[in-house]
Structures are given as structure tokens and as C-alpha cells.
Amino acid sequence: MATSLTSKGQVTIPKHIRDTMQLESGCEIEFQVNDQGEIVLHKVEPAARRTRKKDRFEAVRGKADIKWQTHELMALLRGED
């Protein structure tokens, strides 16, 4: 079954494949390319999601203790007095 790629790089997974793989809205999926150059689709199981390592930004998000206001920071960066 053929489908079209949108300008955002999105495609619709056909219903019979979604049903077979038990994919529902919000499910995480992973794409891999096998040795033959074929794209393989995997459903990410909830247990696998929990063990995935946080990215470096997620690990420090919300940890800053400097209470800058936007206008103060912009004045500092621009060299304004």
C-alpha cells in the first residue's frame, strides 16, 4: 500500500498495520534501517520508555538558580547600562 509524504515529512500508517501492531494515538514508535536498507517500525513499550536516558537538556531543565528577568538579561547581553 502506497502513501504520500507531507511537506513536514509525515505519513499515515495504514489502519491494518496500526491494528496489527496495536498502535494507538500517543504511542511512541521507533524507526530503524536494517542491513538491506529497509525501514523497520517498532512500537516502544512503556518499560523501555522509562529506562531511556534523558537528554542533557532535560536533565538540567528547571535547575537554574539565577532569577533574571528577560529585560535585565537582554540589557546585559547587549551591553546596555
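**Review note: helices α1 and α4**

1. Gln22 counts as exposed, because its relative accessibility is 57% and the cut-off for exposed is over 50%. The model is a predicted one. Gln22 sits in the loop between α1 and β1 (29-33). Its backbone deserves a look: phi is positive, about 55 degrees, although Gln22 is not a glycine. For context, most residues other than glycine have a negative phi.

2. How many salt bridges does a search of the whole structure find? It finds one. The partners are Lys15 and Asp19, whose side chains meet at 3.0 Å, N to O.

3. Where do the two partners lie? Both Lys15 and Asp19 are in helix α1 (residues 15-21). They are four residues apart, about one turn of the helix. An α-helix has 3.6 residues a turn, so residues three or four places apart point the same way.

4. The two ends of the bridge fall into separate accessibility classes. Lys15 has a relative accessible area of 51%, so it is exposed. Asp19 has 45%, so it is partly exposed. The dividing value is 50%, because exposed means over 50% and partly exposed runs from there down to the buried limit of 20%.

5. Now helix α4. It spans residues 70-78. How many of its nine residues are buried? The count is zero, and α4 is hardly covered. Just after α4 comes Gly79, with a positive phi of about 80 degrees.

6. His71 is one of the residues in α4. Is His71 buried or exposed? It is exposed, because its relative accessible area is 54%. For a sense of distance, take Leu5: it is 66 residues from His71 along the chain, and the two C-alpha atoms are separated by 42 Å.

7. Met74 also has its place in helix α4. Its relative accessibility is 30%, so Met74 counts as partly exposed.

8. Which residues form the nonpolar patch on the surface? They are Ile66, Trp68, Leu73, Met74, Leu76 and Leu77. Together they have about 600 Å² of accessible area. Met74 thus ties this patch to helix α4, because it is a member of the patch and lies within residues 70-78.

9. To recap. In α1, the points to check are Lys15 and Asp19, one turn apart and joined by a salt bridge. In the loop that follows, check the positive phi of Gln22. In α4, check the absence of buried residues and the patch that includes Met74.

Conventions:
Residues numbered from 1 in each chain as written. Predicted model: local features only at pLDDT ≥ 70, side-chain atom pairs only at ≥ 80, totals over all residues. Heavy atoms only, no water. Patch = residues over 30% accessible without salt bridge, like charges linked within 9 Å, V, L, I, M, F, W, Y side chains within 5 Å. Areas by Shrake-Rupley, 256 points an atom, 1.4 Å probe, with all protein chains shown as cover. Salt bridge = Lys/Arg side-chain N within 4 Å of Asp/Glu carboxyl O. Helix = DSSP H or I, 4+ residues; strand = E, 2+ residues; numbered from the N terminus. Buried < 20%, exposed > 50% of the residue type's maximum accessible area, 1.4 Å probe, protein only.
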